[in-house]
Amino acid sequence: MPVNFRSLLRDSLGAVILGLAVVWVTTGGTSNPLYANLITWSPKWLDVRTFFLSIVLEAIPFVLLGVFFSAFIQTFVTEEQVRRWTPKNPFIALPFAGLLGVLFPVCECAIIPVVRRLIQKGMPLHVGIVFLLAGPIVNPIVLTSTYTAFTRQPDMAMYRAISALIVAFVIGILVLFFVKKNPLRLGMETEIRHEARHVEASRGKLSATFSHAVDEFFDMGKFLLFGALISALLQVFVSRETMLGIGQTPLSSHLVMMGMAYILSLCSEADAFIAASFANTFQSSSLLAFLVFGPMMDLKTTLLLFHSFRFGFVVKLILAVTITVLVVTLWMPV
Amino acid sequence: MDQNQKKWKRHYILRTLILSGFVLLLAEMIITGRLSQYLAPRLHMLNYVTLGILIILTIASIRQVIIGQSDYDCDCDAHKIPRSPWTSLIVYGLFCLPLAMGIFMPDKTLGSAMAENLGVNLLSNDVRKLAQVNATVPEMESQVDVQPNDGERIAEDVRKQAEPSNTSEEPVKTVPLEEAQIRQLFAESDFGDFYTDIAVFLYKQPVIKLDDKVFLDGLTTMELYAKEFAGKEIETMGFVYHQSDFSEEQFVVARFSVSCCTADASVFGILVEDKQAKNYPIDSWVKVRGKLELRNADGYDMLVLKATQVEPVDAPKDPYVYYSFEAPQGSE
C-alpha cells in the first residue's frame, strides 16, 4: 500500500509538472507570471542553469544519433558481418579502426553506444577501443574546427590527429596483450542473448527499434545529465583562474589542461576554440594535451563508460589513457 | 504478475510524461527563439531533427503504456528499469531537473560575473597583463613601435599616423590606398586568404564597423595585423565589463562568443579608454566609437580603443557572436 501511494505521488508530480509546462507554453514563456516575482534567483544559479541546459541541448541530438545508429546496427547488422569485415591481423585491424574514425564523423557522446554495440556484435575489443578513442578526434569535422580555431598554428590540427592516433594505437596494443576477460559489464552477456531473442522475434519491426531507443535514451540520458550538471556547477563556482593557478611547469600545466578538459566535458567539435583562448597562458603542447585528452576521456563519457564496461576496466583505461596522452604530448614537437 | 504489470506501466507513464516535457520545452524554445540563448545557430537545424525524434520516442512510449509489454513478454531483468523506488526517484528526478529549470527559472544571458570567471581575451593580449599596460602607459606614448619594417612603405605610413605624437585630431584616412595596395599590405604576413580578405574588407572602410557578423573574425584579424590597424577608426557594440585592476578610465566592450553551446563560451573584447569609463554600469550595452592605438605590453602588441563617443544602447536580441567560417560579403 505505501509503495502504491508513493508511486501515485510520483505520477501526480509528473502530471503537475507537465500541466505547468502547458500553462507556461501557452502564456508565452518569458512573460510568465509563474516565476515572475516568485523567487529571485541568484545570478550564479541562473548561470548554472544556462550552462546545464546548453550542454544538455547540445548533447541530446548526438546521444540520440548514437542511440539510433546503435539500434540500426542492432537490427540490421549481423554478428557474422561484423566478424567478416574486421581484419584478423591486429596490425591491420588497428589502422582499420583508425580509418573508421576518419570515415564516421561521430563525436564522443555518440560513439560509446555505437562501440558497445559493435563489441557486443563480436568486434574485437582492441579494435573497438581504438575506434572509441581516435574516432571523436580524427574525423574531418573536428579537424576543420581545430584548424579554424588555431589560425596562428595551422600545424595544430595535424599534431592533434597524429597524437590521437598514436595514443589510440598504444592503448589498442595494451588492450590486445593484457585484457583477456570480456570487459563488458556483468549482465551484459545475458542481455545480449536476451536482446538477440527480441531481435529474432522482431527483426525489421520498426516499433521494436523505437521501443529500444526509448529504453536506451533513458539509460544513457541519466549519465549525460549527471555529467552535465557537475560540469555546469564546476564552471560557475570554480573560476578558470583558480584552475590555471595550479601549475606552470610543463608537467603540471599539462595535467591542469587535461584536468580541465576532463571537467569541462566539451564536445570535440567545440573544444579547440576553448583551447585557443588559452594560447597566451599556456604553451602549445599543454593545449595539445587538452585537445587530445578531452574527447577521449571526460566527465560525461566516463559515466557512460561505467555503464557499458566493468568498473576495473574503465579505471585502468582512464589511467592508461592519461599516462599515454601525457607522454605523447610532452614528446610531440609542437 | 498483475502487480508486475502495474509497475511497468507506472514507469512507462512516467517516461511518457518526461519525454513529452522535453518535446514541449524544445518546441517552446524553437518557437520563441530562446534556443539561441543556448546554442549556436549552426546547431539549430540539428535540434529540429531532435524534436522530431523526441516526438517519435514519445509516441513509442505512449504505445508502450497502452500495449504494455507485449513485445517483451519475458520475465527477464535486462530491461533497465530502476529497481527500488529511491533509484527511480533519483533517475527520474535527474530527467525532471532540466525540465524544471527550463520552466521555473528565467533565462539569463551570460554577463560580467561569468566573464570574470572565464577570463577575457583582449586584442592580442591577456587581461591579466593589463597591470603592465597601466604601468607603462606614459612611456608608451612615445615608443609605439616605429621601427621601419624592411622598407615596407605603406605600412610605415600607416604606422606614422598611428603615432599618438602627431595630434590625434588629424583625420586618419589621408592616404587613399588602392584595393591592390591594401591587399599587398596584408598579403605579406601570410595568415591565409581568409584573413587577408577580411583585413582588406575592414581596412577599406573609413570607419570600421565591427558588427555582430564580423566581430570575432574582425578581432582576430586586427590582432594578426595589429600594426596595420593601429590608427584606424572603428565602431562597435558590446556589454561593459570592468575588472578590479582596471584604471578609472578603462573598461572593456565585450561579447561572448559561442561555437557550439553556451558552455563553450569565451569572452572577447576591446579595451576602451574613456574619461567616463566608471559611469557605465557593468553589463549594460554600449556603442563605442573611437580610434585604435597600439600599445606594447610584455612583448606583445596590443590595440586599445581611445573612445571619442560612447552611447548606451539596448541589448541585442541575440547577445552572442559566432565564428562565421566564411569571408564577409563585401558590398563595397
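A residue counts as exposed if 12 or fewer other C-beta atoms lie within 10 Å of its own, and as buried if 20 or more do. The model described here is predicted. Chain A comes to 17 helices and zero strands, whereas chain B comes to ten helices and eight strands. The points below cover the two chains overall, the annotated transmembrane regions, one helix and one residue of chain A, and a pair of strands in chain B.

**Chains overall**

- Chain A has 334 residues, and 49% of them are buried.
- Of the contacts in chain A with a separation of 6 or more, 84% are between residues 24 or more positions apart.
- Chain B has 332 residues, of which 40% count as buried.
- In chain B, 71% of the contacts between residues at least 6 apart in sequence join residues at least 24 apart.

**Annotated transmembrane regions**

- For chain A, the unreviewed UniProt entry places the annotation "transmembrane region" on residues 12-31, 51-73, 94-115, 127-150, 157-179, 220-238 and 313-332.
- One of these spans in chain A, residues 220-238, is 95% helix and 0% strand in the model, with its end C-alpha atoms 27 Å apart.
- Residues 313-332 of chain A are likewise 95% helix and 0% strand, and here the end C-alpha atoms lie 28 Å apart.
- For chain B, the unreviewed UniProt entry lists residues 12-33, 45-66 and 86-105 under "transmembrane region".
- Residues 12-33 of chain B are 95% helix and 0% strand, with 31 Å between the end C-alpha atoms.
- Residues 45-66 of chain B are 100% helix and 0% strand, and their end C-alpha atoms are 32 Å apart.

**Helix H5 of chain A**

- Helix H5 spans residues 90-103 of chain A, 14 residues in total. From first C-alpha to last, H5(A) reaches 20 Å, close to the 20 Å expected at 1.5 Å a residue.
- The buried residues in H5(A) are A:Leu94, A:Ala97, A:Gly98, A:Leu100 and A:Gly101. Viewed down the axis of H5(A), the buried residues fall within an arc of 150°, so they line one face of the helix.
- A:Ile92 and A:Leu103 lie on the other side of H5(A) and are exposed.
- The cover over the buried residues of H5(A) includes helix H7 (125-138) and helix H9 (155-178) of chain A.

**A:Met220**

- A:Met220 belongs to helix H11 (residues 206-237) of chain A. Residue 220 also begins the annotated span 220-238 of chain A.
- A:Met220 counts as buried because it has 26 C-beta neighbours inside 10 Å.
- Neighbours within four places in sequence aside, A:Met220 is in contact with A:Val63, A:Val67, A:Pro113 and A:Leu304.
- A:Met220 and A:Leu64 are separated by 156 residues in sequence, yet their C-alpha atoms are 9.4 Å apart.

**Strands S3 and S4 of chain B**

- In a regular strand the side chains alternate between the two faces of the sheet.
- Strand S3 (residues 207-210) of chain B shows such alternation: B:Ile208 and B:Leu210 point to one face and are buried. B:Val207 and B:Lys209 point to the other face and are not buried.
- S3(B) runs parallel to strand S4 (residues 233-241) of chain B, and four bridges join the two.
- Within this pairing, B:Ile208 stands opposite B:Ile234 in S4(B).

Key. Residues are numbered from 1 along each chain as its sequence is written. Chains are lettered from A and ligands numbered from 1 in the order in which they are written. This is a predicted model: local features need pLDDT of at least 70, side-chain atom pairs count only at pLDDT 80 or more; totals for chains, interfaces and linings use all residues. UniProt positions are given in the numbering used here, feature names are shortened, and annotations may be inferred rather than shown by experiment. The expected span of a helix is 1.5 Å times one less than its number of residues. The arc is that of the directions from the helix axis to the C-beta atoms. Two residues are in contact if their C-beta atoms, placed from the backbone, lie within 7 Å. Two strands pair if DSSP finds at least two bridges between them.
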